[in-house]
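I am opening a notebook on a structure that is new to me. My plan is to look up a handful of points and write each one down with care.

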Amino acid sequence: MAGTLWSLDEQTEGKHLVLRRYLDGWFPILGRWNDRLLFIDGFAGPGEYSGGERGSPLVVLDCVRRHKDERRLGGVEVVCVFVESDEGRAAHLQRLLDEQPKIANTSVHVRSGRFDDHMTEILDQVDAQKAALAPVFVMIDPFGPKGSPMELIGRVLENDKSECLISFMYEPIRRFHEQPAYERSLDELFGTRDWRKSFEIEEEPDRKQFLHELFAKQLKGHGATYVVTFELWKGNRHVYTLYFTTGSLKGCNLMKESIWKVDPSGTFAFRSHVAGLGTLFGPDTDQLGRQLHARFGKEWTPIERVDDFVMSDETPFHLGHLRRSTLQPLERDGKIEVSRPSGGRSFVRGKGTRVRFT
């Protein structure tokens, strides 16, 4: 079993916590409007860890099974593709999946080989058939910077119903960037040679920030409408960074809500540096009020515009933080004025409600 299974580390545990939360919303929401959903795990692993913990393929199937049992997915066809480059791990995953109870109208495929090869094949088939890719969630979680080229991510994002969750590992870049094989891989990862400019920067934190911002910029340049960036921390150590890409405001808001639901007072904490806020995902939402003030100021602003801003990737907060935690206290303290043509005390959309800071 050596080399096939390994212990569950904090970066993977943190990712799984977010993945569970998000898919619990993603499957039923898209299942209302689509008869087919696709999940692709590009670096699936063996499906379990040496301590018996469930790997991402089983996390996903547990979620599908629960929603099927609770009739939230109805007759929706769910297709799961698990790609693993190591033949031994792929075989172990296949045996593990064969032991799982079957799920109605759900197909599961294990593919042994490189993620970029299999993803390219899937996209080529879609193009050849002149078909539209079903709503797809693609998880890209390589051990290092190899195997997930920006050009390929861009092809996935051409479909406006595609979403990606991408792990970004800074440490291998810092350690091995001068090795020729890594240089080529980093050119592909970023889709540009500009990453080299980071190593002209003397201070390590500034260099690190440059690379993370470059990666987000390249994702948007390759088709991502929204990019939610968040860092996983354990104590004072930055473990890794996740990038979530989507073309949907609702998807953007749902991912941020999923992150906030992972208890920041426990083992893990998530941080965001959107708009330079350096936000810790915790209970204090005062920063949202300050950010709204900076964005909208004394302009009368329709509540719909405020909603869209909070749902977007321009703030780490989500819509659940807006009304009760932010707007109501601001109004009570006289820091905003509210115009409600329809009367009442709420902040309802579609009723002409507007706000402005005093």
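The entries below go from the whole chain to single elements and residues.

**Entry 1: confidence.** I began by noting that this is a predicted model, and that the chain averages a pLDDT of 89, with 92% of the residues scoring at least 70. I then looked up the stretch of residues 275-281, where the pLDDT is below 50, and found that it has 26 contacts in the model beyond near neighbours in sequence.

**Entry 2: the whole chain.** I counted 12 helices and 12 strands in the secondary structure, and I noted that the C-alpha atoms fill a box of roughly 65 × 55 × 45 Å along the principal axes. I asked myself how the radius of gyration of the chain stands against that of a compact globule with 358 residues. The globule would have a radius of gyration near 21 Å and the chain has 22 Å, which agrees. I also wrote down that buried residues make up 52% of the 358 residues, and that, of the contacts with a separation of 6 or more, 69% come from residues 24 or more positions apart.

**Entry 3: helix α2.** I checked the length of α2, residues 56-69, by taking 1.5 Å a residue: its 14 residues should span 20 Å, and since the end C-alpha atoms are 20 Å apart, the two values agree. I next asked how many of its 14 residues are buried. The helix is mostly covered, with 11 of them buried, and among these I listed Val60, Cys63, Val64 and His67, along with the charged names Arg65 and Lys68. Just after α2, I noted that Arg71 takes a positive phi of about 60 degrees.

**Entry 4: the nonpolar cores.** I looked for the members of the largest nonpolar core that touch the most other members, and among its 43 residues these are Leu23, Phe27, Phe39, Phe137 and Met255. A second, separate core has 36 residues, including Ile40, Val83, Leu133 and Ile166. Returning to Phe27, and not counting residues up to four places away in sequence, I found that Phe27 touches Leu37, Val60, Cys63, Val64, His67, Leu73 and Val78; of these, Val60, Cys63, Val64 and His67 are on my list of buried residues of α2.

**Entry 5: Phe137.** I placed Phe137 in strand β4, residues 136-140, and then asked whether Phe137 is buried or exposed. Phe137 counts as buried because its relative accessibility is 0%, which is below the 20% cut-off. Leaving aside neighbours within four places in sequence, I found Phe137 in contact with Leu19, Tyr22, Leu23, Trp26, Leu38, Phe39, Ile40, Glu163, Leu165 and Phe244. I also noted that Phe137 and Glu70 are 67 residues apart in sequence and 21 Å apart in space, C-alpha to C-alpha.

**Entry 6: Ser258.** I located Ser258 in helix α9, residues 249-261, and recorded that Ser258 counts as buried at 2% relative accessibility. Apart from its neighbours within four places in sequence, Ser258 is in contact with Val18, Arg21 and Tyr22; Tyr22 also appears among the contacts of Phe137.

**Entry 7: an open sheet.** I asked in which order the 3 strands of this open sheet lie. The order is β10-β12-β11, with antiparallel pairing, and the edge strands, β10 (301-302) and β11 (336-339), each pair on one side only. I then followed β11 and β12 (residues 354-357), which pair in the antiparallel sense over 4 bridges, and I noted that Ser339 has Arg354 in β12 as its bridge partner.

Conventions. Residues are numbered from 1 along each chain as its sequence is written. This is a predicted model: local features need pLDDT of at least 70, side-chain atom pairs count only at pLDDT 80 or more; totals for chains, interfaces and linings use all residues. Side-chain values use heavy atoms; hydrogens and water are left out. pLDDT is the predictor's confidence in each residue, from 0 to 100. Contact means heavy atoms within 4.5 Å. Helices (H or I, at least four residues) and strands (E, at least two) are DSSP runs, numbered from the N terminus. The expected span of a helix is 1.5 Å times one less than its number of residues. Buried means under 20% relative accessible area, exposed over 50%, partly exposed in between (1.4 Å probe, protein chains only). A nonpolar core is a set of buried Ala, Val, Leu, Ile, Met, Phe, Trp, Tyr and Cys residues joined through side-chain atoms within 4.5 Å. Two strands pair if DSSP finds at least two bridges between them. The radius of gyration is taken over C-alpha atoms; the globule rule is 2.2 Å times the number of residues to the power 0.38.
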